[in-house]
Amino acid sequence: MLDLNEFLTFSAVAEEKSFSRAAEKLGISKALASKHVADLEHALGVRLLHRTTRKIGLTTAGALFHERCRQLIAHAEEARHEIEQFRSAPGGLIRVSSAMAFGRRHLVPAISRFLARYPDVSIDLDLTQSFPDLVTAGADVVIRQADEPLLVALVARRLAPVRWVACASPGYLARHAAPSTPAELAGHNCLVYYVNSRGEWTFTDAACRVHTVRPRGNFKANSADAVLHAALGDLGIGVVPTFAAGDALRSGALVQVLAGYRLPERGLYAAYLPNPTMAHSTRLFVGFLSECFGETPYWDRDLP
């Protein structure tokens with residue numbers, strides 16, 4: 001009889017192209033992952049993977065079988081969600097993906113409160129900058145900043161606005177006069193959060209005129225927290241989301257610059273695949289996050 005755990009392991013290896021990463025994803029040893037795939041190939045009587053010392057690829061039979069495995073895993077997830085609706089209280093596992101800065105600062109505290117209210121629920125949280133493929137990555141909910149057109153293939157519930165602020169430390173501004181217009185940023189060391197930047201900063205003034213600048217500086221990072229800490233370290237002027245910079249702005253550790261100009265606003269969304277049998281606990285979780293954050297999120301209180 002075929003072992004469905006072997007199907008799951010093979011699918012993970014095919015997607016990760018690595019026994020080590022697949023084993024880590026599944027929470028098993030690399031040796032067990034290798035045994036699962038070898039046993040599956042023996043039971044089927046065909047080779048599913050090409051293996052070399054440097055890479056792993058699918059054979060023709062393996063590619064066909066992987067697609068069937070994906071369908072089987074998806075049906076199993078639907079079955080799990082259907083059955084969970086019969087629980088007397090919310091329970092089961094919710095797999096959540098979030099960007100690192102927001103996840104650490106705001107999502108983890110919200111999850112703690114949610115689990116205190118629903119102790120039979122378990123949450124696996126993956127903090128990563130990349131937007132995972134909801135079909136293959138195994139996430140039930142992805143929490144991300146986005147523009148609505150990017151989410152047309154998913155069900156997406158807006159949780160909060162994401163506002164941005166140009167800011168610097170008093171120490172930096174003591175050495176460099178604060179810019180009065182976006183064009184004056186050319187004379188400053190700019191700290192760039194490049195995940196959400198196309199290499200440009202766009203400001204809008206009170207007359208709705210748009211001012212676009214290409215920031216130049218000696219520090220770029222793919223983390224809002226990294227840019228925030230660089231600004232706190234007197235390195236330059238950064239454009240940072242208020243969910244990261246709010247506390248520093250309220251305390252005076254950072255000072256807003258170009259306050260007469262507005263930066264584009266994005267939305268924070270909970271995204272998930274269309275699924276009529278979505279688990280009750282997952283629906284509760286998304287609704288809970290919407291209540292926690294909202295259109296006037298707590299991290300924006302007392303900010304201009």
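**View 1. The hairpin of strands β9 and β10 in a predicted model**. Strand β9 (residues 201-204) and strand β10 (residues 210-213) run antiparallel and are joined by 4 bridges; two strands pair if DSSP finds at least two bridges between them. Phe203 stands opposite His211 in β10. Between the two strands of the hairpin there are 5 residues, and Cys208 takes a positive phi near 70°. Strands here are DSSP runs (E, at least two residues) and helices are DSSP runs (H or I, at least four), both numbered from the N terminus. The model is predicted, with local features needing pLDDT of at least 70 and side-chain atom pairs counting only at pLDDT 80 or more, while totals for chains, interfaces and linings use all residues. Residues are numbered from 1 along each chain as its sequence is written, and side-chain values use heavy atoms, with hydrogens and water left out.

**View 2. The open sheet of 5 strands**. The order of the strands is β11-β8-β12-β7-β13, with mixed pairing. At the edges are β11 (219-221) and β13 (255-256), each of which pairs on one side only. Strands of a sheet pair through backbone hydrogen bonds, either parallel or antiparallel. Within this sheet, β7 (residues 164-168) and β12 (residues 237-241) run antiparallel and share 4 bridges. Cys167 has Gly238 in β12 as its bridge partner.

**View 3. Helices α7 and α8 on the sheet**. Helix α7 (residues 224-232) lies across β8 (190-193), β11 and β12, and runs at about 165° to β8. Helix α8 (residues 242-251) packs on the sheet and touches β7, β12 and β13; its direction makes about 115° with that of β12. Axes are lines fitted to C-alpha atoms, for helices over the stretch in contact (heavy atoms within 4.5 Å), and angles run from 0 to 180 degrees between N-to-C directions.

**View 4. Helix α2 and its surroundings**. Phe19, Ala22 and Ala23 are buried in helix α2 (residues 19-26), where buried means under 20% relative accessible area with a 1.4 Å probe, protein chains only. Seen down the axis of α2, these buried residues fall within an arc of 100°, so they line one face of the helix; the arc is that of the directions from the helix axis to the C-beta atoms. Their cover includes α1 (4-16), α3 (30-44), β1 (49-51) and β2 (56-58). At the N-terminal end of α2, Ser18 is the cap, with a side-chain oxygen 3.2 Å from the backbone nitrogen of Ser20. Gly27, just after α2, takes a positive phi of about 75°.

Methods:
Buried < 20%, exposed > 50% of the residue type's maximum accessible area, 1.4 Å probe, protein only. Polar contact = N/O pair within 3.5 Å; in protein donor to acceptor, adjacent residues only side chain to side chain.
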